[in-house]
Amino acid sequence: GLIFYDTKVTVMNRVLNATVQRTADHAAPEITLDPLEIVGGEIRSSENSYFCQAARQLGCVPSSQLCVKLASGGDPTYAFNIRFTGEEVHGTSGSFRHFLWQVCKELQSSSLSLLLLCPSSAVNKNKGKYILTPSPITYAEEQLFHFFGQLLGIAIRADVPLPLDLLPSFWKTLVGEPLDPDVDLQEADILTYNYVKKFENINDETELEALCAEIASQHLAMESPDCPNKPCCKFTYLTMTGEEVELCPRGRHIPVGWENKDVYAAAIRSLRMRELQSPECMTAVRAGLGSIIPLQLLTTLTPLEMELRTCGLPYINLEFLKAHTMYQVGLMETDQHIEFFWSALEMFTQEELCKFIKFACNQERIPFTCPCKDGGPDTAHVPPYPMKIAPPDGAAG
C-alpha cells in the first residue's frame, strides 16, 4: 500500500515483457468459434458457449504459446486469433475483443455455473456482483476454472479490461489477502450477516426463545424434542447454493440453546467464509492465471489494484478519452461538429457511454491509464487508444 499504482504497473509491465514466451516468429494459436451455437443470445447448453468452445480448443495449446508481449501502439499481438465460422473478419483485434466481451456476458449469466450472484444482491446490496460458485467441483469444472484464470492473465497481457463485476472478496482471495469476517460477510450475504448478529446480540433466554419463534415462523426451525410446543433451531444452515447442511456432526439433532448459541453463530459465519474463499475453485483459477503471468506479481498489488488492472473502471472518463483522441486530416478540436459531438457525449448516461465505446472499439471498458502520458510518443498508446475522428469519406457533406 506504500507504492503508487503507476509505479507498480510500470514494474509489472517490465516483468510481463521480460516473461514473453511466444516470439514474433511463432504463429499465434487459432481457434474457430461457431456463432450459430449462440444465436439470439440463447445458449442452449453450456458446451456451446464461446467460453466452453474456446476452453476445449485451447486445452491442448501449451500455455507458453499464450504468453505474448504487452499490447502497445499499432496492431497488438494477442494470445490467440479467432475465426468465426462463416464470417470474414479483417484483422484480429475486433474479433478478439468481441470474444472477451461475449465470454464475460456468458460467465455472468445462467448459462455457465462458474460464478454465482452474491446473495446480498437479492436485497439490492451489491446488485449484479458475482462470486465463485462455492461447491465441490468435478475435474471438468476444474478445467473451466483454470481457463477462467488464464483469461484473466490473457486480458492483462492484452490490456483489454474485462467487464466482470466480482465482489472484493474474490480479488482479496486471488492476491492472497485474508478476508474480514465482518466486512466481507456483510458485502456478500447481508441476510446471513444480520441473522448471525441477532444470535450474537441476544441478552437473555426469553429473547432467544422469541428469536427462535420468529425463525420457526419462517420455516427455518423444528420443535424442540424436550418441549414439543417450544420452537427451536438446529445446527443446520443453507449454503449459498441453497442446500441444507449440518454445521457440525449430527447437527440436525442438536438444538440451539442459551449455552451454544455463540457456537451456532460462529459456525454459520465460518461456513460462509469458507464458501467465499472457495479454496478448490480459487486454486484452479490461480493455477490458470499463473500459467500466463508470474503469480509473484500479485504480492505487490492490493485487491483493488488487481481489479483495476484486470477489469478497468466500470465507468468512462470523458476527459481522459478527450485527451486520447486524434483528429485526422484537416479536423480541429474547435470545429463546430466536433464540439457538438463532445457535448452530445457529455449528455450520455454511463450505460450509453459504455454502448458508444462498445460500438467504437468492440469492448465495453477501456484502460484508464496510458503510458503515452506527458507528451510521450503516440506509439506508446495502449490499444484501443487513441480514438480517431476522421472526416467523411465522400467529398460532399
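Biologist: Does K172 count as buried or exposed?

Modeller: This is a predicted model, and the relative accessibility of K172 in it is 15%. The limit for a buried residue is under 20% relative accessible area. Because 15% falls under that limit, K172 counts as buried.

Biologist: Which side chain meets that of K172 in a salt bridge?

Modeller: Side chains of opposite charge can pair when their charged atoms come close. For K172 the N to O distance is 3.0 Å, and the partner is D184. The two lie 12 residues apart, in distant parts of the chain: K172 is in helix α5 (residues 168-175) and its partner in helix α6 (residues 183-188). The residue asked for is D184.

Biologist: What is the relative accessible area of D184?

Modeller: A residue is buried when the value is under 20%. D184 meets this limit and is therefore buried, with a relative accessible area of 1%.
The value asked for is 1%.

Biologist: With which residue does D189 form a salt bridge?

Modeller: The closest N and O atoms of this pair are 2.8 Å apart, and the partner of D189 is R272. The pair links distant parts of the chain, 83 residues apart, with D189 in the loop between α6 and α7 (190-200) and its partner in helix α9. Both count as buried, since D189 has 4% relative accessibility and its partner has 4% as well. The residue asked for is R272.

Biologist: In which helix do both K197 and E200 lie?

Modeller: The side chains of K197 and E200 meet in a salt bridge of 3.4 Å, N to O. They are 3 residues apart, about one turn of the helix. K197 is partly exposed because its relative accessibility is 23%, and E200 is partly exposed because its relative accessible area is 30%. The helix that holds both is α7.

Biologist: Which residues do salt bridges that share partners join into one network with K197 and E200?

Modeller: K197 and E200 lie in helix α7. Salt bridges that share partners join this pair with two further residues, D182 and R269.

Biologist: How many salt bridges does a search of the whole structure find?

Modeller: The pair D189 and R272 is one salt bridge, and K197 with E200 is another. The search of the whole structure gives a total of 15.

Biologist: Which residues gather in a patch of negative charge on the surface?

Modeller: One member is E207, which lies in helix α8 (residues 205-217). E207 counts as partly exposed because its relative accessibility is 35%. The patch of negative charge consists of D204, E205, E207 and E259.

Biologist: Which residue is joined to P386 by a cis peptide bond?

Modeller: Most peptide bonds are trans. P386 sits in the loop between α14 (350-361) and β10 (387-389). The bond before P386 is cis, with omega at about -10°, and the residue it joins to P386 is Y385.

Biologist: What is the phi of N362?

Modeller: Most residues other than glycine have a negative phi. N362 is in the loop between α14 and β10, and it is partly exposed because its relative accessibility is 21%. N362 is not a glycine, yet its phi is positive, at about 65°.

Biologist: Where does N124, another residue with a positive phi, lie?

Modeller: N124 is not a glycine, and its phi is near 65°. N124 is exposed, since its relative accessible area is 57%. Its place is the loop between β3 (115-117) and β4 (130-132).

Biologist: How far apart in space are L247 and T236, C-alpha to C-alpha?

Modeller: L247 is in the loop between β8 (244-246) and α9 (261-277), and at 18% relative accessibility L247 counts as buried. Leaving out residues up to four places away in sequence, L247 touches T236 and others, among them F235, Y237 and Y264. In sequence L247 and T236 are 11 residues apart, and in space the distance is 5.3 Å.

Biologist: What share of the residues of the chain counts as buried?

Modeller: The chain has 14 helices and 10 strands. Its accessible surface is about 20100 Å², and carbon and sulfur atoms hold 55% of that. Of the 397 residues, the share that counts as buried is 46%.

Notes
Residues numbered from 1 in each chain as written. Predicted model: local features only at pLDDT ≥ 70, side-chain atom pairs only at ≥ 80, totals over all residues. Heavy atoms only, no water. Patch = residues over 30% accessible without salt bridge, like charges linked within 9 Å, V, L, I, M, F, W, Y side chains within 5 Å. Areas by Shrake-Rupley, 256 points an atom, 1.4 Å probe, with all protein chains shown as cover. Salt bridge = Lys/Arg side-chain N within 4 Å of Asp/Glu carboxyl O. Lys, Arg positive; Asp, Glu negative; His and termini not counted. Charge placed at Lys NZ, Arg CZ, Asp CG, Glu CD. Helix = DSSP H or I, 4+ residues; strand = E, 2+ residues; numbered from the N terminus. Buried < 20%, exposed > 50% of the residue type's maximum accessible area, 1.4 Å probe, protein only. Contact = heavy atoms within 4.5 Å.
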